[in-house]
Amino acid sequence: AWGPEGDLYLNHGDPMLGYGDWSRPDAWSHWTYILADGTRVPYTGTGAVLRINPDGTNLKVVATGLRGPVGLCFDPDWNLFTNDNDHESQADRYAPARLLHVTPHIDFGWPRGWMASKSPERSDLVDAMQDDHGRGVPCDMTWYREPLIPHLNNKLLLCRWERFAVTANTLRPSGSTFKAVEEVIATGEHNARPSGICVGRDGRIFVTSLYLPGNVTSPYCPSDLVMLTHIE
């Protein structure tokens, strides 16, 4: 996602998912980013949101503590949002999926925590924008601000891989952050799982989907590119 200063914002997930003992001091990944000008930038941590100049220089860490973020988008006021896949093998500790408001230097807790509402004894955790997002695999996301489909104006659109659905999230201010209310606007059939989404200049919505029965090692499968021009 392109930010207000012209930088490119991107995210990456945590590849250390096999760990189960998060008390280990080595439950982190150690990265070295090599930039376009040859600068080497070390990073130790988990999944993160990064920003970089368009010419591939000046990499900065914006937010940390993420497991499997897939999408990024800005609203018209340049508030930044991302999501995070839950940990299906440890759902008692790391669920539901998270829809998150990203602010500079925030840490979202993974792998030593998930949400403040799940661990009220912790003062270092933040909450997701939606407490009842459910078990999930959120994918790509975008912001809709076009007159073509008035019902979706100023809403965050999200691909829900596990629900075969595209959802629209209405955001409301809540203190220094937001709360979200989600509704389904499109549903796939025959294992069609939405994975990518964007808005054209005329307000049409384009969605990619994969036909998958579930998790697979290599997602070699039929796919669709679908155009949405109205919502019932």
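**Entry 1: terms and model.** I began with what counts as an element: helices (H or I, at least four residues) and strands (E, at least two) are DSSP runs, numbered from the N terminus. I am working with a predicted model, in which local features need pLDDT of at least 70 and side-chain atom pairs count only at pLDDT 80 or more, while totals for chains, interfaces and linings use all residues. Residues are numbered from 1 along each chain as its sequence is written, and side-chain values use heavy atoms, with hydrogens and water left out.

**Entry 2: valine 226.** I looked up valine 226 and found it in strand 15, which covers residues 223-228. Is valine 226 buried or exposed? It falls between the two and counts as partly exposed, because its relative accessibility is 34%, where buried means under 20% relative accessible area, exposed over 50%, and partly exposed in between, with a 1.4 Å probe and protein chains only. Leaving aside residues up to four places away in sequence, I noted that valine 226 touches Ile205, Phe206 and Val207, a contact being heavy atoms within 4.5 Å. Proline 194 is 32 residues from valine 226 in sequence, and their C-alpha atoms are 9.7 Å apart.

**Entry 3: arginine 40.** I turned next to arginine 40, which is found in strand 3 (residues 40-45) and is exposed, with a relative accessible area of 57%. Beyond residues up to four places away in sequence, arginine 40 touches Thr32, Tyr33 and Ile34. Between arginine 40 and leucine 59 I noted 19 residues in sequence and 9.6 Å from C-alpha to C-alpha.

**Entry 4: the sheet of three strands.** I followed an open sheet of 3 strands in the order 6-7-8, whose pairing is antiparallel; two strands pair if DSSP finds at least two bridges between them. Strand 6 and strand 8 (98-102) stand at the edges with a single partner strand each, so one side of each has no neighbour in the sheet. Strand 7 (residues 80-84) pairs with strand 8 over 5 bridges, and asparagine 83 stands opposite leucine 99 in strand 8.

**Entry 5: the sheet of four strands.** I then traced an open sheet of 4 strands in the order 9-10-11-12, again with antiparallel pairing. Which strands stand at its edges? Strand 9 and strand 12 do, and each has a single partner strand, so one side of each is left without a neighbour in the sheet. Strand 11 (residues 165-174) and strand 12 (residues 177-187) run antiparallel and are joined by 10 bridges. In strand 12, threonine 187 is the bridge partner of alanine 165, and threonine 177 stands opposite serine 174. The hairpin of strand 11 and strand 12 has 2 residues between the strands, and there I found glycine 175 with a positive phi near 65 degrees.

**Entry 6: the largest pocket.** I looked last at the largest pocket, which has a volume of about 330 Å³. Of the 19 residues that line it, the closest to its centre are Asn85, Glu88, Val137, Trp161 and Asn215. On a 1 Å grid over the protein atoms alone, a pocket is an open set of points where a 1.4 Å probe fits, with protein on both sides within 12 Å along at least five of seven lines, and lining residues have an atom within 4 Å of a point. Grid points are joined across faces, edges and corners, and a volume is the space filled by probe spheres set on the points.
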